[in-house]
Amino acid sequence: PAAAGAEGGGGGEDECSIDEHDSGLDSSVRIAGFRLDHLDLLLAVALFIMIVVLAKMIWHHNFMEPISSKLPESCMLIVVGAYIGGIIESFYLLDKCRDSPIAFTPSLFFLVLLPPIVLEAGYFLDNRRFFENIVSINFYAFVGTIWNAFAVGLLVYGFGQADILLPGRHLSLAAALLFGTISAAIDPVAVLAVFDEIHVERLLHILIFGESLLNDAVTVVLFNLLGAFSNRDIDPTLVNASERAIGVDDVFLGIGQFVVVVIASVIIGILIGLLASLTTRFTEHVHVLEPIVVFAMGYLSYLLADLFEFSGILSLITCAIVMKHYIESNVSRKSHTTIKYTMKVLSNLSEMIIFLFLGISLFDSSVHYWDTGLILLSIVLALVIRPIGVIVQTLLLNCFRVKKIGKKAVFVMSYSGLRGAVAFSLALTRIYEAPVLMESTDPALQEEFIVRKSMLTAITSLVLFTVFVQGTTIKPLVQRVLKVRTVSKHNVTMSECFHCTVLDHITSGVEDVVGHFGHNRIRESLQKFDVKIMRKIFERYPEAMDEQILHTFKRLQYQDSKVAAEKDLVFKFGEDTDGGHISVCKEEEGVSDGELADQVEVPELTEVLKKSHLRPHEFHDKNVLPRTESDHRFEPTSSFKIRVQREAKDRHRRTRRARERSRTISVSSPTTYGRLPKVKEREEAIEIEKEEEPKEEKMETIV
């Protein structure tokens, strides 16, 4: 610029000079500044997280127990979100928040908030009970969802054609079926929280949990299929009415697409899960990478399925189940704890943020349109259609089930169909997927936009009704009115595991003898295939012992070491960590013997496992506990060492007292204490001195 100015004369110098503000360069020096435009997104995220964390802390405090014991947590979050939305609306800032990066959009929900919830649900699924009831769960999830979607959709379409709903507005069949699909998405988070609290029977719990897990995947697939049919009415590229009409070939194509999406999603989940298991097989020396592999591979399966327009939810569920089966035997104990609590934290945080956003959106008038008839009809149909479907499906399933589903379970399953975040987000997707509808002046497009806003308002009202009414009343119904059978919560013992395994083999053998190919033989065949082939490929130590057996063995070793310590055997203490500071003892820490036993490292056990091609644990390779008669040394953990040191000090103190007493007290000098001591006390003191004298040097060394 300087050269150009010199060539152009004196006036060119001013024209070509660089303006500091326009160039974006900042050469000024200031004490402080305000850079909200650079940090608005991060500050909003941090603020939302702190709001939900503080709200949950207050909700679970003791003084809130009379209310929190009766209302689900989601109700509180919706109320808090409504207060925040009201404050924002009062300052006329809701329009600006809608255009901000932190605004609640379908992309934010399906790509950021939903995957942690699905991953946590699939990873900690009770695989045995899930697959034992897989036929019933799939029947409720697939057939039940299709029944709810089409029954509600057809009734809404019929009322719409009679001008009872949305009078004067066009409601197509595809749009009505799409509304029925959205209303069929269940999210019984509050119900499952109540079930976990009162410990209902496992069959009822897994049926509701499994159905809700697969129901979301089926709903999203149907939503994408019917959404494409519904968008034909506003597609400008389709001019003729014949092109917009749905023909028989479109119906069969839709059915084929549904089947392909389900199968392809499951295949992607299985492949990514196996790849993650194979990766963790070689992380023996880098345990810190194991949680990263689990989360990254899980999210990759979700994104790959979504990339090819398949079901990311179904893919992630399958991937989580496969990873849980093989990765648990590859990762370390610390990695397992990290994976467990990180998943629960992310899942809980996502659920809280979703319900908070739902409360905020109640004041956004630009996406809502009130239609009393549609709102009341959606609530009534939700209370009627689902119970009819559950009753009919249960009658059909009980014809083939050995363990029948009872009437109380049918009522609870019918009543627990709460709508939640998935239904709200799918309805919101209809608003954001066509931005042209918001700004269009075409009467037909404006009418379509009003119909979509009416559906969003009806779905939001349905979510609020089910969460506040059904979620609040489900606990007294289950606990006091129906008195659903509960099970006592206890840790499964080794004896139970052993007898269950024996019964599995017996039932499989009986089916084999009588020539019946039932689910027991199927399970036995799959287990053999898994042990002989799959585990040898995807596990580091494929023939690993049962974790309960190893735990029991270590507990017995720990008890033996305690007995040896009480008999004053020689102990060899290792160097203390943390600069010589020893942690608090077991009594102060409140640690059980079983937990301390888990910390015991047994190299002999490692060698036996290695020779038998079994899996040694990573915490067996540090301390020493020989089991030979010639060497009884034991190097325990710090919490065990300080307890033994304290016992040694007390014993040494008693020894010195006994020695001093035996030297001072004498029968021939009764005037020492002004009285004649008892002979029994003197004999006891002498015996204690004789017992402890040979070990005096060792005790002083230990102290």
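How much area does the protein expose, and what share of it do carbon and sulfur atoms supply? The protein exposes about 38,300 Å², an accessible area computed by the Shrake-Rupley method with a 1.4 Å probe, where for residues only the protein chains shown count as cover, and carbon and sulfur atoms supply 63% of this surface.

This is a predicted model, in which local features need pLDDT of at least 70 and side-chain atom pairs count only at pLDDT 80 or more, while totals for chains, interfaces and linings use all residues. Residues are numbered from 1 along each chain as its sequence is written, and side-chain values use heavy atoms, with hydrogens and water left out.

**The whole chain**

Show the protein as a cartoon and you will find 32 helices and zero strands; both are DSSP runs numbered from the N terminus, helices being H or I over at least four residues and strands E over at least two. Of the 703 residues, 45% count as buried, that is, under 20% relative accessible area, with exposed meaning over 50% and partly exposed in between (1.4 Å probe, protein chains only). Among contacts (heavy atoms within 4.5 Å) between residues at least 6 apart in sequence, 79% join residues at least 24 apart.

**Colour by confidence**

Next, colour by pLDDT, the predictor's confidence in each residue from 0 to 100; its mean over the protein is 75, and 68% of the residues reach 70 or more. Among the elements, helix 16 has the highest mean pLDDT, 93, and helix 27 (residues 586–589) the lowest, 38. Select residues 609–636, where the pLDDT is below 50 and the model nevertheless has 73 contacts beyond near neighbours in sequence. Then select residues 692–703, where pLDDT stays under 50 and the model has 17 contacts beyond four places in sequence.

**The nonpolar cores**

A nonpolar core is a set of buried Ala, Val, Leu, Ile, Met, Phe, Trp, Tyr and Cys residues joined through side-chain atoms within 4.5 Å. The largest one has 137 residues, and those with the most contacts inside it are F109, V156, F195 and M323. Helix 13 (residues 202–230) gives the most to this core, with 17 residues. Centre the view on F109, which, leaving aside neighbours within four places in sequence, is in contact with F104, L114, P115, I354, A421, V422 and S425. A second, separate core of five residues includes L274, V322, Y326 and M534.

**Helix 25**

M534 leads to helix 25, where it is buried together with N520, R523, E524, D530, R535 and F538. Look along residues 519–538 for a kink of about 45° centred on D530, the bend being the angle between axes fitted to the seven residues ending at a position and the seven starting there.

**Two loops and F411**

Most residues other than glycine have a negative phi. E309, in the loop between helix 16 (290–307) and helix 17 (312–327), has a positive phi of about 60° although it is not a glycine, and E309 counts as exposed because its relative accessibility is 65%. K483, in the loop between helix 23 (443–481) and helix 24 (494–514), also has a positive phi, of about 55°, and K483 counts as exposed because its relative accessibility is 59%.

Where is F411 found? F411 is in helix 20 (residues 407–415), and F411 counts as partly exposed because its relative accessibility is 37%. Beyond four places in sequence, F411 touches L477 and L482, and its C-alpha is 9.7 Å from that of V478, which is 67 residues away in sequence.
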